[in-house]
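This briefing walks through one protein chain, from its overall build to its charged pairs and surface patches. Please keep the sequence and the structure in view while reading.

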Amino acid sequence: MITGFILRALEGKIVIAVGILVAFALLIPALNLMTPPDSPLHVPTYIMSLLGKYLCYALLALALDLVWGYCGILSLGHGAFFALGGYAMGMYLMRQIGSRGVYGDPILPDFMVFLNWKELPWFWHGMDLFPVAMAMVLIVPGLLAFVFGWFAFRSRVNGVYLSIITQAMTYALMLAFFRNDMGFGGNNGLTDYKEILGFSVQADGTRAVLFALSALFLALCLVLASAITRSKFGKVLVGVRDAESRVRFLGYRVENIKLFTFTVSAMMAGVAGALFVLQVGIINPGEFAPANSIEVVVWTAVGGRGTLIGPIIGAILVNVGKSYFTGAFPDLWLFALGGLFIGVTLFLPKGIVGTVQQYLARRREYRDAADKDAADSGAKSQPAPVAAE
């Protein structure tokens with residue numbers, strides 16, 4: 001059953017995308033580690049880390065597309081799940097510092113010593129164990145999404161009201177995490193990491209492995225999302241998006257369908273956040289900012305929601321543009337982002353990939369119609385058979 005579930009995911013475009021991601025996971029680290037710095041083929045470590053950050057954003061956009069593109073839930077709070085996964089990873093990395101911190105305390109992180117904390121909070125216990133921390137990367141965002149969705153979907157909150165509530169949730173979390181007494185570093189967040197699993201997080205070899213993991217996890221989540229959307233459950237999911245009342249009338253528990261999809265999407269966002277922290281080396285409450293969640297919506301819309309591949313392309317293209325424009329025209333970047341979203345909405349409502357797919361589908365229809373007309377004309381032009389005397 002599991003094999004069939006995975007095989008259904010491996011359609012042509014998904015196989016190509018996964019192949020490209022696997023190739024990137026092998027090629028970029030090889031060009032970083034095995035080529036001399038003066039070689040034109042050499043990929044500097046900072047470029048590799050920047051590309052890894054783009055892949056984490058692409059995974060976050062893919063997570064949003066699963067609920068928005070296929071279930072019709074416009075979540076403006078996916079930045080919260082992303083940040084929670086990042087904090088879970090950050091807590092593990094902080095516990096690995098030990099006595100190498102500024103204050104030399106083997107147990108308490110530096111910010112707790114600075115704030116005169118006497119003992120480690122209960123929710124930090126066990127976070128020095130890698131399996132526990134990785135479980136929290138999935139459990140914490142997933143549990144929040146499950147509890148939130150349980151109440152929201154059973155109350156039949158839909159449309160713009162649900163979007164506003166999700167944004168309020170992430171804003172409330174941002175305000176909470178800014179407080180020093182929350183035990184997460186307050187405004188400064190968690191940073192100054194030393195190692196992961198005994199390897200220095202600053203070493204080129206470690207950063208190459210982290211980039212490869214980002215690409216591979218994106219490929220894995222792409223296969224998972226494709227398997228979900230191409231299954232029978234995925235067809236019901238699209239039905240919920242297009243005609244929720246009809247699906248409910250047919251006897252399906254729509255709230256359970258939404259809840260499952262929302263929870264899986266949140267867990268994918270948590271994985272993206274954990275990988276993001278490993279790439280950039282810091283996590284702070286700014287990641288909860290509502291503007292970040294809105295940016296994810298822009299990435300998904302630009303690439304093409306409901307396509308899986310589109311949000312990945314959109315996230316990478318927009319963030320490459322952001323890296324360029326924030327350096328070249330720092331005062332105009334937000335205007336460019338807003339203009340991009342308006343332009344896509346007006347002229348490319350299906351996004352880049354959606355528009356290309358629509359164009360190819362129309363060409364296929366015209367070609368099939370032309371072939372049919374040609375076949376009909378050929379049949380009419382043939383002479384009628386002469387009866388034998």
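A residue is called buried when its relative accessible area is under 20%, exposed when that value is over 50%, and partly exposed in between. By that cut-off, buried residues make up 47% of the 389 residues in the protein. The model is a predicted one, and the values below are computed from it.

**Overall build**

- The protein has 15 helices and four strands, and its C-alpha atoms fill a box of roughly 110 × 60 × 50 Å when this is taken along the principal axes.

**Transmembrane annotation**

- An unreviewed UniProt entry lists residues 12-31, 43-64, 71-94, 129-153, 160-178, 208-228, 259-284 and 332-353 under "transmembrane region", and such annotations may be inferred rather than shown by experiment.
- Over residues 12-31, one of the listed stretches, the chain in the model is 100% helix and 0% strand, with the end C-alpha atoms 28 Å apart.
- Over residues 160-178, which the entry also lists, the chain is 95% helix and 0% strand, and here the end C-alpha atoms are 27 Å apart.

**Salt bridges**

- A search of the whole structure finds ten salt bridges, and the bullets below describe some of them.
- D128 forms a salt bridge with R95, in which the closest N and O atoms are 3.9 Å apart; a pair of this kind counts as a salt bridge because the cut-off for a side-chain nitrogen of Lys or Arg and a carboxyl oxygen of Asp or Glu is within 4 Å.
- This pair links distant parts of the chain, since D128 lies in the loop between α5 (110-114) and α6 (130-154) while R95 belongs to helix α4 (residues 78-95), 33 residues apart.
- Are the two partners buried or exposed, or do they fall in between? R95 is buried, with a relative accessible area of 15%, whereas D128, at 33% relative accessibility, counts as partly exposed.
- The side chains of D181 and R179 meet in a salt bridge with an N to O distance of 2.8 Å, and R179 counts as partly exposed because its relative accessibility is 46%.
- D192 and K194 also meet through their side chains in a salt bridge, at 3.4 Å from N to O; D192 counts as partly exposed at 36% relative accessibility, and K194 counts as partly exposed at 26%.
- E244, R248, R253, E255 and K258 are linked with one another in a network of salt bridges.

**Nonpolar surface patch**

- V22, L26, V209, L213, L216, F217 and L220 make a nonpolar surface patch of about 590 Å².
- The elements that give two or more residues to this nonpolar patch are α2 (12-33) and α8 (204-230), and α8 gives the most, with five residues.
- L213 has its place in helix α8 and counts as partly exposed because its relative accessibility is 33%, a value that meets the requirement of over 30% relative accessible area for residues in a patch.

**Negative surface patch**

- Which residues form the negative surface patch? The patch is formed by E365, D368, D371, D373 and D376.
- D373, one of these residues, is found in helix α15 (residues 351-381) and is partly exposed, with a relative accessible area of 49%.

Terms used
Residues numbered from 1 in each chain as written. Predicted model: local features only at pLDDT ≥ 70, side-chain atom pairs only at ≥ 80, totals over all residues. Heavy atoms only, no water. Patch = residues over 30% accessible without salt bridge, like charges linked within 9 Å, V, L, I, M, F, W, Y side chains within 5 Å. Areas by Shrake-Rupley, 256 points an atom, 1.4 Å probe, with all protein chains shown as cover. Lys, Arg positive; Asp, Glu negative; His and termini not counted. Charge placed at Lys NZ, Arg CZ, Asp CG, Glu CD. Buried < 20%, exposed > 50% of the residue type's maximum accessible area, 1.4 Å probe, protein only.
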